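Visitor: Please take a close look at one chain: what it meets, how it is divided and how one of its sheets is arranged. Start with which neighbours touch and which do not.

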Amino acid sequence: MSAEVFLDVQSVTKRFGGFAALNGVSLSVRRGERFGLIGPNGSGKTTLINCVSGTLRADGGRIVFGDQDITTLPAHRRTRLGIARSFQIPKPFMSMTVVDNLLIPLEYAAGGHGAAAMDEAMSILRLMGLDAKARVRSGALTQIEMRKLELARAMAARPKLLVSDEAMAGLSSNEVDDILAILFRLNETGITVIMIEHIMRAVMRFSERIAVLDAGEKIAEGGPDQILADKRVEKAYLGE
Amino acid sequence: MSGRAFAVAAVVVIAGGLLVAGLGLNQYYYFAAYVVLQYVVLATAWNILGGYTGYVNFGTPAFFALGAYTAVVLIKWLKAPLLAQLVAGAVVAGLLGLAIGYLTLRLRGVFFSIATLALTVVLQTMFVNWEYTGGARGISLARPATAPFYGSYVQFVFAVMVILAVLAVATAWCIERSWIGRGFAAIRDNEEAAECMGVPTLRLKLLATTVSGMLMGLAGAPFPFYITFVEPASVFDLNYAVNSLAMPMIGGTTTWVGPVIGAVLLGSAQQIATVTISSELNLLLVGVILVAFVILAPEGIVGLVRRLSRRDPA
Amino acid sequence: MMWTWTRSRTCAVLAVIAALVFGAWPASAQEPIKIGFGMALTGGLAAGGKSCVIAMQLWADDVNKKGGLLGRKVQLVYYDDQTKGATVPGIYSKLLDVDKVHFVVSGYGTNLIAPAMPIVMERKLVFPALFGLANNEKHNYPGYFQIMPAGPRPALDWTNTFLEVAIRQTPKAQTIAIVGADAEYPHNAIAGMRENVKKAGLKVVYDSFYPPTTVDFTPIARAIKALNPDIVFVASYPPDTAGMVLAAHEVGLRPKLFGGGMVGLQFAALLTKLGPKLNGIVNYDFWVPEPTLKFPGIDEFLKRYQAQAAKEGVDPLGHYLPPWAYSYVQVLGQAIEGTKSLDQQKVAEYIRSKEHDTIVGKVKFGGNGEWAQSRVLQVQFQGIDSGDIAQFHKPGKRVVLWPEKFKSGNIIYPYEKALK
Amino acid sequence: MVSLDLLLNALAAGLLLGGFYAAVSLGISMAFGLLDIVNIAHPVFVILGSYAAYIMNARFGFDPILTGVLFTPVFYVLGVVLYRIYYASFERKGAESLRGLVFFFGVLFIVEVSLLLAFGVDYRMVEARYIGESIHIGPVGLAYRLLVPFVVGVMLTGALYWFLARTFYGRAVQAVAQDAFALRLMGANPFKVKSIAFGLAIATAALAGALLIMIGPVEPALNREYIGRVFAVAVLGGMGSISGTLVAALLLGVAESLTATFSGPSWSVAVSFAVLLLALAVRPAGLFGR
C-alpha cells in the first residue's frame, strides 16, 4: 500500500501566533485517487492545502510528494513537480485575458510555449466551456466563470495532483454536475484529485476516500459511507 | 508594434538624435531635451518594477544618485571616460537594487516601498559624510575640454542620453514581450496565484529590482558631466521619486509607451513651466494632475486612448 | 550712487525730449538691456530668493526711472531654479541663447552658482554673483565677482572675524566647540574655522556635524556643555539655528562666547520669535542698522523694500540679503554706464579695477573676484526684551563688534553677563 | 567622556523626543496599520496642524496645544471627507493600494503647495511662555518645549488605546483590520467604521502639528522629513499596534538621542532608518508584531 502513496502529509503543524490552525495532521493520498477533504468553517482545510501547495510553510511535520520531501520547497517548485491548485476565492490575473491566464502556468510550470501552448490553452478552455470568453479580460468575468477559470488555470499547469478548493460554491446543480464531470474525466487520465468542498452531495459522489478536519485535527478518515456514519463527524458539523 | 517596427523605430530615434546633436542648435534645447530624456529613462526604469510587477519604489533618488556618485568617484580617481562611468554606475546601482530586493521583497509590497524610502535617507547620509566625493559641500568637476564626436560636451551628453533612453525603452519592450513580462504581470495581478502557477516570484522580482536599479543608475551616471557640480541635496532630490512615479502613472503603467508618453508630456510641461509660470503652480499642477489621473484615468493616457478607440467602432 | 543722479537725470530729460520729438515712437526705440538670472523662488532657499528678486526689481525701477542704462531701459529676465542645481544649466542657456540677454548674474547660494560657472566661463561672460562661498576657488575665473563680503579667502576670512573678537577678550578663551549642520555652507565654514583655530592656538574639544533633519538639539547642547568649552561656534541654517539657541538656553549652555556662523539670526522670522533669548549671542552679519553702516541710499531702499515684502510674505526686515541683491546689479549697471559698453570684457575689467559706491558701502574686488578685504561683521545681540519687530529696525540691538572700522559698541563678555 | 549625568540626560531627552514621534506617527499606525491605507500625506497634515497653531498663536495669542485640541474636530471632518474620496475612487473598485498611494502622493503636493501659496516660504514659529525654559529633576534637565509634546503624545496614545480597546467602534476598527466578516457579525458597517478610524487618524495630526511647531520652526516642505520617520515607527511598532507605536517611537527617540550625544550627531537620523531596514529584513512583523 505504501508504494501507492503519492502525497504523504506527516503530522503537519501550523501556528498563527498562539493559535494552532493545524495540530499534527497526517494523511496520505494514493496515486490516481479521488480524495475528499471536509470540515466545518475554520477547521484548517484551507491551511492544510496552503501547506501542501506551498503558499504557507508548515511549522512542524513533513510533506512528501512522490518520492521527494517538499516541506520547505517554494510553491512554484511544487507546481513544477506537479501540484496545482485552485483558490477558494478566485484569484485570476485580472489585467490579462482569459487565455493569457492559462499561458502563465503553461509557460512557467508545464514548459510549453508558442503556438502549441496556445492550442493547449484553448482546448482546456473548451473543456471548461470558457472558449467563447478566451479574449475577454478575466476581470470582466462573472463569479461562476471565474471559478471555472480557477480550475482551468490549475489544469494548465499539467498537474499530477490537482487540489480543488471549493470550486463549486455558488454554482447551480447543473453546473456542479458539469464540474464534477470534468474532474472525473481528469481523474480518468491519471490525475490525482483532492477536493475540498462544502457541497456534501458532490464530495460524497466524487470521493473514494474522505478525511474530516475539525479545529486543526483530523477526526475521521474513510469511505463516504463510513464518514456519514461517524458520530464525531456528525457532532463536529451539528455541534453538541 | 512588431519586433521589426520597434527595431526600426529605435534605430530612427538614435540616428535622429545623433543628427540633432550634430546640428549645433541653441544649447538650451539640448539641456532641456537632456532633462526630458533623463526622465524617459527614469520613468521607464521605475515602470519595470512599479508598473510591471506592482512594487512601488520611492527610492529613485537613491539609485540615480548612486549612479551619479559612482561616476564622480571614477572621474576623481581614474579620470575614467564617460563609457566607463556609465557601465560602473549601472552595475553599482543594479547591485543596490538586488540587495534591497533581497532584503525586503519577501514582504508585502508596501514594506518594500517604505524600505526604499529609508534606503534613500541612509544613502544620502553616507554621501553627506563621505569627504572623498565632496561630502555635504558637493564637488565641482571639470569635464574634458573637448568632447568626442561633437564639439561641445553639451551636445555629446545629449547624444549619450538619446542612446540611453532608447536602450531603456528597448529593455522594457523586450521584457514586456517575453515570458518574463508575463510573469511580472502575473505577480502584479496576484502574487500568490502567480507563485502557485509556477512563477518563481522572488527571482523575478529580484530581476526587476536589479534591472530597474541599473537603468536608474545609468540615468544618473552622465549627470556629473552634465552639470559639473554634484552635491547630495540635488541628486537625492525627492523630485526624482515623484516624477519617475507620476510619469508612468499619467502615461499608463502596463506598457512601455506609457512611461515614455508620461515623461515626454510631464517632462516638457515642467521644462516649459519653469520658464513661464511660477514653480509653485507647477508643483500644484503635478499634484492635481496626479490625483485627477489616478481617480479618473487609472490606466493613464494609454488606457484612455484604448478605451476611446474601443468605443468608437461600436 | 550720487554720481549717477545727475547723469541719469540728463538721460531722462533727453529721453523725454526724444519721446516728444519722435511722437508716437517711444523712447525705447532701442530694445532694452536684458539682465538674466535664475533665482530660487521655490524650494529651500526660496525665502531668500524671493526677497532678492524684489530688491533687484527695485534697482531696475530706479534705473529706468532715471532713463535706463546708456539710454536704454533695463529689463530683468529670470526663472525659478527651484533651489535645484540641476535646473541651472538649462536656465542659463535659455537666457543666453533664446532670450538673448545681454548680461547674466547668478542666483542665490553656492550650490546654484556652481552649475552656472561652466557656461559662463565657456562664453567668457562677466558674472556678478550673490552669496556663494568660494565658488571661484578652483576656477579662478576673471569674470566672477562675488558681492558677499566674505573676503579674499572666503572660508577662512568668514570665520576668522569671530576669532578676532574672541582673542581680544579677557579672560582669554582656551577651548572651543565647533558644531554645524551637514550641509554645504556649514561644512565650508567649519573647514575654514578649523584652520583658523589651529592658527589661534585654541584647543578643539568638540567638533561634530548633525543632520539637517535633527528635531531635538538638547542632546547636542548637553554634550557640548559637558565639555565646558570657552567658545561655542555654530554654523547652521535657520531651523537648526532656532533649535540650537533654544537648546542652549534649556540645558544652560554658558560658554564665554556663543554664536559665529548661524544663518537665520538676520531674518525677522527668527529674531521676533527668539526675542530675549538672543541676548549675548555674537554672530556674523553683513549689514545691521547701526550708525556706522548708514551708507547713502540704504534707508530709502529698505523702506521701499519693506513695503513690498509685506505684500509678498518674505522677510519684512530685509537687512540680510536684499541690499546685496540690489548692489550686485548696481555694480553691473555702474560698469555698463562707466564703460558705455555692453562688451563683457570691458565691463569685467571696469568692475575689477574700480571701487564702486553701492547701498552697502564701497565695494572693491580682489583678484579672485572676492572682496579685496573681508567685511564680515560680528554683531552682538544686546538689550532685547521682547519679540517686537520694531526694535530691530533701530540701532543698538545688534551692536557691531568687528571690524574696527564699523564698530558701534562694546561687547558684553562673557556671554553669561548678557543674559541678565 | 561617558558620564552618568550625560547618559541620564540623553535617555531623558530621547524619551521626550520619542513621545513626540509617537504623536506624529499614531495617525499612520491607524491608517496604515489598521486600515491598510498608505497615507503618505499624513505628515503634510501634521504641517497643516502646525500652521493652524501658528495662525491662532499669531492672531489671537492662543496656546498651540489649545489650538491643537480645538482643531481636532476640523481635522476629523477633513479625514472623513478624504476617506470618502478614497473609498469611492479606490477601495470600492478594489483597486490595488498602489493607486491609493499615488493618490495620497498627489494630495501631499496639493496641500504643501497650498500652504506655500497661502503663507509663503518663510519659517514660522509660535510663542508660548514655556518655550525655552526647562525643569530640573536631580541631574536631569527637561525642556518644556519637549516635555509638553511628550506628555501630550503619551496622553494621545493612551486615549487612542482606550478608544480601540474599550469602545464599540474601537473594537470594530480592530475587527475591520483583521476580518471584514467578523465585523459584519458585530453588526457594524465597515465603511462607517473605517471613515471614523481614518477621521481620527487625521485628527491626531492637528495635535501633532501643534507639538511640532512648538519644538522648532516649520515651513511647508518640512513634512517630507517626517515621511520616513513615521513609517519607520509604524512598521517597527508592529503595524497598527498602538502601544507598539509608542514603544517604537520611544526607542527611536532614544536611539537618536544617544547617537547625538555620544558618537556625534551626524549619524543620528540614519541610525533610525538603519534600524528600520534591519527590522524589515530580520523581523518583518515589526518588533511588537502580532
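Guide: In this predicted model, chain A and chain D make no contact, although their nearest C-alpha atoms are 7 Å apart. That distance is not a contradiction, because contact here requires heavy atoms within 4.5 Å. Chain A and chain C also lack contact, and their closest C-alpha atoms lie 37 Å apart. Four pairs of chains do touch, and among these the pair of chains B and D has the most contacts.

The interface of chain D with chain B comes before that of chain C, as a point of reference. It involves 39 residues from chain D and 39 residues from chain B. About 3500 Å² is buried between them, and carbon and sulfur atoms give 83% of that area. On the chain D side, the residues that lose the most area to chain B are R99(D), F105(D) and L277(D), which together make up 17% of what that side buries. No polar pairing turns up under the rules used: the count of salt bridges is zero, and so is the count of residue pairs in polar contact with both residues at pLDDT 80 or more. Four helices of chain D, namely α3 (64-91), α4 (97-119), α9 (223-236) and α11 (268-282), each give two or more residues to this side. With 14 residues, α4(D) gives the most. R99(D) and F105(D) fall within the range of α4(D), and L277(D) falls within that of α11(D).

Chain C, the part to examine closely, meets chain D through another interface. Here 34 residues come from chain C and 35 residues from chain D. The buried area is about 3000 Å², with 64% given by carbon and sulfur atoms. V215(C), E250(C) and K273(C) account for 23% of the area that chain C buries against chain D, more than any other three residues. The rule finds two salt bridges across this interface. In a salt bridge between E250(C) and R145(D), the closest N and O atoms are 2.6 Å apart. There are also six residue pairs in polar contact, both residues at pLDDT 80 or more. On the chain C side, at least two residues each come from α2 (46-65), β7, α8, α9 (238-251) and α10 (268-274). The largest share, eight residues, is supplied by α9(C). E250(C) lies in the range of α9(C), and K273(C) in that of α10(C).

Within chain C, the domain assignment gives domain 1 as 27-152 plus 294-364, and domain 2 as 154-292 plus 375-418. The C-alpha centres of the two domains lie 29 Å apart. Their contact takes 23 residues from domain 1 and 28 residues from domain 2. About 2300 Å² is buried between these domains of chain C, 68% of it from carbon and sulfur atoms. Zero salt bridges are found across the domain interface, while eight residue pairs are in polar contact, both at pLDDT 80 or more. On the side of domain 1 that touches domain 2, α4 (110-113) and α11 (298-312) of chain C each supply at least two residues. α11(C) gives the most, with three residues.

Chain C also holds an open sheet of seven strands, in the order β7-β6-β8-β9-β10-β13-β14, with mixed pairing. Its edges are β7 (203-210) and β14 (398-402), each of which pairs on one side only. From one strand to the next, the twist averages 25°. Helix α8 (218-227) of chain C packs on the sheet, where it touches β6 (175-181), β7 and β8 (231-236). The direction of α8(C) makes about 175° with that of β7(C). Both β7 and α8 also supply residues to the side of chain C that touches chain D.

Further along the sheet, β10 (residues 282-285) and β13 (residues 377-381) of chain C run antiparallel and are joined by four bridges. One bridge partner pair is Y284(C) with Q378(C), the latter in β13(C). By their residue numbers, β10(C) and β13(C) belong to the two separate segments of domain 2.

Note on methods: Residues numbered from 1 in each chain as written. Chains lettered and ligands numbered in written order. Predicted model: local features only at pLDDT ≥ 70, side-chain atom pairs only at ≥ 80, totals over all residues. Heavy atoms only, no water. Pairing = 2+ DSSP bridges. Axes fitted to C-alpha atoms, helices over the stretch in contact; angles between N-to-C directions. Domains from an automatic or database assignment. Buried area = accessible area lost by both parts, 1.4 Å probe. Salt bridge = Lys/Arg side-chain N within 4 Å of Asp/Glu carboxyl O. Polar contact = N/O pair within 3.5 Å; in protein donor to acceptor, adjacent residues only side chain to side chain.
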